[in-house]
Amino acid sequence: MKTNYSRVIGVDVASEELDIDDSEQKIAQAVPNTVAAVAKKLVARIKSPSNTLVVCEATGGYEHVLVDAMHEAGIPVCIANPRQVRDFAKGHGYLEKSDVIDARMIRRFGEDVEIHLTQQRCPEEKRHQALVRRRCQVIGLLNAERNRLAQTHDCYACELIELKILHLQTQLKSIDEQLEALLTERAKTDPKVNILLSVPGVGSITASTILAELPELGTLSRAQIAKLVGVAPIINQSGKSDKKRRARGGRSQVRCVLYMAAMSAAQHNPVIKRFYSGLRSRGKLAKVAQTASMRKLVTILNDMVRNGESWRKADVSLSK
């Protein structure tokens, strides 16, 4: 075991029920996924909060009741990546899958793998994250409707699709205005807002997405933050074979806004512009240079947030 906690509790989350695997076997195997049940049957039976780790998987929102209850009780909690947990289970020979098995493997994952605790968010931060995610959903719906419009030839059907597109565009505009207002208010208490916005190429949408979906910014190394976003080339070598390294994985929503920010920075940010132009002049493909620029930009942002420094055009360290 690599964990520093004496007790680890694995929780497989579903919409109505939590399947639990407790290293000390003091909690029932199944608990309703409600605030009252989690408080009475789970939190109340954890006598040493600081020495207990609760691990669950990201489920798209069903885990919020559990996570909020743990934060309120001061119990360390980790929301693990489901793909990593599943790969961990397969590595231990568990090809079969059930709620009970999943809970057990989540618990063992928390015991054996170095994990990062999920930080508690205030109500304002939760609202910020909800709006960022809704914006991403609206953009996806807009793209889907535009594709349908291009493939539809019936006049009435086209009219219905156009009305839907208009509604989504109005909603998107409203969300953007709300995010602007939230950033302005948050900048009064969170210095990261002005640090991010000071960088040429980084706008309010990029800053909002990074704040909501990349809270680790400024706490990790350059290599770690690049890998977390999914812009770090992954080594693929075995024996005499050294295959092409590709960037993959990571947080897609952050990567999408970082792509647009890097495109803007390649035009208006002197450091990124010089970096991108240098790669292209050496024969690198545009896509390769773009990905490298995204990695350069996110590592710069990571260093700035860590050091609490805003953009300085003449800062020599940014050119390294």
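## Arg-104 in helix H4

In this predicted model, Arg-104 has a relative accessibility of 26%, so this residue counts as partly exposed, because that class lies between the buried residues, under 20%, and the exposed ones, over 50%. Arg-104 is found in helix H4, which covers residues 99-112.

When residues up to four places away in sequence are not counted, Arg-104 touches Asp-21 and Tyr-94. Ser-293, by contrast, lies 41 Å from Arg-104 in space, taken from C-alpha to C-alpha, and the two residues are 189 residues apart in sequence.

## A nonpolar patch and Leu-160

On the surface, Tyr-156, Leu-160 and Leu-163 together make a nonpolar patch of about 330 Å². One of these residues, Leu-160, has its place in helix H6, which runs over residues 155-186. With a relative accessibility of 42%, Leu-160 counts as partly exposed, and because patches are made of residues with over 30% relative accessible area, this value is above that cut-off.

## Packing of helices H10 and H11

Two packed helices are described by the angle between their axes and by the distance between those axes. Helix H10, residues 252-268, packs with helix H11, residues 270-281, at an angle of about 95°, and their axes are 6 Å apart. H10 is therefore roughly perpendicular to H11, because angles from 65 to 115 degrees fall in that class.

On the side of H10, the contact is made by Ala-262, Ala-265, Ala-266, Gln-267 and His-268, while H11 contributes Pro-270, Ile-272, Lys-273 and Tyr-276.

Technical notes
Residues are numbered from 1 along each chain as its sequence is written. This is a predicted model: local features need pLDDT of at least 70, side-chain atom pairs count only at pLDDT 80 or more; totals for chains, interfaces and linings use all residues. Side-chain values use heavy atoms; hydrogens and water are left out. Patches are made of residues with over 30% relative accessible area and no salt bridge: like charges are joined within 9 Å, nonpolar side chains (Val, Leu, Ile, Met, Phe, Trp, Tyr) within 5 Å. Accessible areas come from the Shrake-Rupley method with a 1.4 Å probe; for residues, only the protein chains shown count as cover. A salt bridge is a side-chain nitrogen of Lys or Arg within 4 Å of a carboxyl oxygen of Asp or Glu. Helices (H or I, at least four residues) and strands (E, at least two) are DSSP runs, numbered from the N terminus. Buried means under 20% relative accessible area, exposed over 50%, partly exposed in between (1.4 Å probe, protein chains only). Axes are lines fitted to C-alpha atoms, for helices over the stretch in contact, and angles run from 0 to 180 degrees between N-to-C directions. Angles under 35 degrees count as roughly parallel, over 145 as roughly antiparallel, 65 to 115 as roughly perpendicular and the rest as oblique. Contact means heavy atoms within 4.5 Å.
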